[in-house]
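Work through the exercises below with the sequence and the coordinates open. Each task is followed by its solution in steps.

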Amino acid sequence: MRLRVEFTTEPFDLEEAPAHAVAAREVIQGAQLDAVDVGPFGNTAEGEAGAVLEAVSALLRDSLGAGATRVSLQVNVIGEGGA
C-alpha cells in the first residue's frame, strides 16, 4: 500500500523557517520516501505505508520537540500510479 502525507507545523513565521518546520522537513527529506515537495505553507510526500508511518511518527516527535504548537496532517491511501 502507498500513502501520501500532507502536513504543516505552527506557529508560522513569515521571516524565516522556525525550528519546528526545519525539523519536520529534515525528517521528511531524510526518510525513504518519494515525491517529496516542501514549501512554506505545506509539505507533501509519498511512499510505501511503513516508510510514511515511520516518517510521520518522527515528524511529530521532532517538530513538537522543536517548539511546534500544532501539527496538521492528512494521510491518504493512493494508487500505485500516484492517484
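**Exercise 1: the largest pocket**

With four residues, α1 gives the most to the lining of the largest pocket. The model is predicted: local features need pLDDT of at least 70, side-chain atom pairs count only at pLDDT 80 or more, and totals for chains, interfaces and linings use all residues. Residues are numbered from 1 along each chain as its sequence is written, and side-chain values use heavy atoms, with hydrogens and water left out.

Task: State the space in the largest pocket and the residues closest to its centre.

Solution.
- Step 1. Fix the terms. A pocket is found on a 1 Å grid over the protein atoms alone, as an open set of points where a 1.4 Å probe fits, with protein on both sides within 12 Å along at least five of seven lines; lining residues have an atom within 4 Å of a point. Grid points are joined across faces, edges and corners, and the volume is the space filled by probe spheres set on them. Helices (H or I, at least four residues) and strands (E, at least two) are DSSP runs, numbered from the N terminus.
- Step 2. The largest pocket holds about 200 Å³. Of its 18 lining residues, Phe 12, Pro 18, Ala 21, Arg 25 and Pro 40 are the closest to the centre.
- Step 3. By element, β1 and α1 each supply at least two lining residues.

**Exercise 2: the core and helix α2**

Task: Find which element gives the largest share of the largest nonpolar core, and compare the span of α2 with the expected one.

Solution.
- Step 1. A nonpolar core is a set of buried Ala, Val, Leu, Ile, Met, Phe, Trp, Tyr and Cys residues joined through side-chain atoms within 4.5 Å. Buried means under 20% relative accessible area, exposed over 50%, and partly exposed in between, with a 1.4 Å probe and protein chains only.
- Step 2. The largest core has 14 residues, and those touching the most other members are Val 5, Phe 7, Ile 28, Leu 33, Ala 45, Val 52 and Leu 59. Two or more residues come from each of β1 (2-10), α1 (19-30) and α2 (49-65). The largest share, six residues, is that of α2.
- Step 3. The expected span of a helix is 1.5 Å times one less than its number of residues. The 17 residues of α2 should therefore span 24 Å, and the end C-alpha atoms are 24 Å apart, which agrees.
- Step 4. The cover over the buried residues of α2 includes β1, α1, β3 (43-48) and β4 (70-78), where contact means heavy atoms within 4.5 Å. Ala 58, in α2, is buried at a relative accessible area of 15%.

**Exercise 3: His 20 and the backbone at Pro 11**

Task: Is His 20 buried or exposed, and what lies 3.0 Å from a polar atom of its side chain?

Solution.
- Step 1. His 20 is in helix α1 and is buried, with a relative accessible area of 4%.
- Step 2. The backbone oxygen of Pro 11 lies 3.0 Å from a polar atom of the His 20 side chain.
- Step 3. Not counting residues up to four places away in sequence, His 20 touches Thr 9, Glu 10, Pro 11, Ser 63, Ala 66, Gly 67 and Ala 68.
- Step 4. Pro 11 is in the loop between β1 and α1, and a cis peptide bond with omega of about 10° joins Glu 10 to Pro 11. Most peptide bonds are trans.

Notes:
A polar contact is a pair of N or O atoms within 3.5 Å; within protein, one must be able to donate a hydrogen and the other to accept it, and residues adjacent in sequence count only if both atoms are side-chain atoms.
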